[in-house]
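Thanks, everyone, for making time this morning. I would like to take you through one small set of slides, and please stop me wherever something is unclear.

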Amino acid sequence: MKTYVFINDKLTGEIDGLDFRRALFGIWLEEKAVDRTLKKRLLGL
C-alpha cells in the first residue's frame, strides 16, 4: 500500500506502508480525533 503526496496537483513523493497511512488518516478519523467537527465533515455526517 502506498500513500501518494501531491503539492499543487503535482506528485512529489510516495510513502510505502499501511502503518504510515493509518497514522496519517488517524489524526482526523480515529476515536480521539484532533478536530471532531472536521472528522464529521470528512465522513459526511
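**Overall layout**

If you follow the protein chain along its sequence, the pattern you meet is β-β-α-α, and that amounts to 2 strands and 2 helices. Please keep in mind throughout that what is on the screen is a predicted model.

As for dimensions, the C-alpha atoms fill a box of roughly 30 × 25 × 15 Å when it is taken along the principal axes. Of the 45 residues in the protein chain, 9% are buried, and the accessible surface comes to about 4200 Å², with 56% of that area belonging to carbon and sulfur atoms. Turning to contacts between residues at least 6 apart in sequence, I would point out that 0% of them join residues at least 24 apart.

**Charges and the salt bridge**

The protein chain carries 9 positive and 7 negative charges, and the mean positions of these two sets are 5 Å apart. How many salt bridges does a search of the whole structure find? The search finds 1, and in it the side chains of K2 and E14 meet, with a distance of 2.9 Å from N to O. Because K2 lies in strand β1, residues 2-7, and E14 lies in strand β2, residues 10-16, the pair ties together parts that are 12 residues apart in sequence. As a general matter, side chains of opposite charge can pair when their charged atoms come close.

Are the two partners buried, or partly exposed? E14 has a relative accessible area of 43% and is therefore partly exposed, and K2, at 33% relative accessibility, also counts as partly exposed.

**The nonpolar patch**

Let me move now to the helical part of the chain. On the surface there is a nonpolar patch formed by F25, I27, W28, L29, V34, L42, L43 and L45, which together have about 800 Å² of accessible area. Which element gives the largest share of this patch? That is helix α1, residues 18-29, from which 4 residues of the patch come.

One member that I would like to single out is V34, whose place is in the loop between α1 and α2, the latter helix being residues 36-42. V34 has a relative accessible area of 70%, and since the cut-off for calling a residue exposed is over 50%, V34 is classed as exposed.

To close, the two features I would ask you to look at again on the screen are the salt bridge between E14 and K2 and the nonpolar patch that includes V34.

Conventions. Residues are numbered from 1 along each chain as its sequence is written. This is a predicted model: local features need pLDDT of at least 70, side-chain atom pairs count only at pLDDT 80 or more; totals for chains, interfaces and linings use all residues. Side-chain values use heavy atoms; hydrogens and water are left out. Buried means under 20% relative accessible area, exposed over 50%, partly exposed in between (1.4 Å probe, protein chains only). Contact means heavy atoms within 4.5 Å. Accessible areas come from the Shrake-Rupley method with a 1.4 Å probe; for residues, only the protein chains shown count as cover. Lys and Arg count as positive and Asp and Glu as negative; His and the chain ends are not counted. The place of a charge is taken as NZ of Lys, CZ of Arg, CG of Asp or CD of Glu. Patches are made of residues with over 30% relative accessible area and no salt bridge: like charges are joined within 9 Å, nonpolar side chains (Val, Leu, Ile, Met, Phe, Trp, Tyr) within 5 Å. A salt bridge is a side-chain nitrogen of Lys or Arg within 4 Å of a carboxyl oxygen of Asp or Glu.
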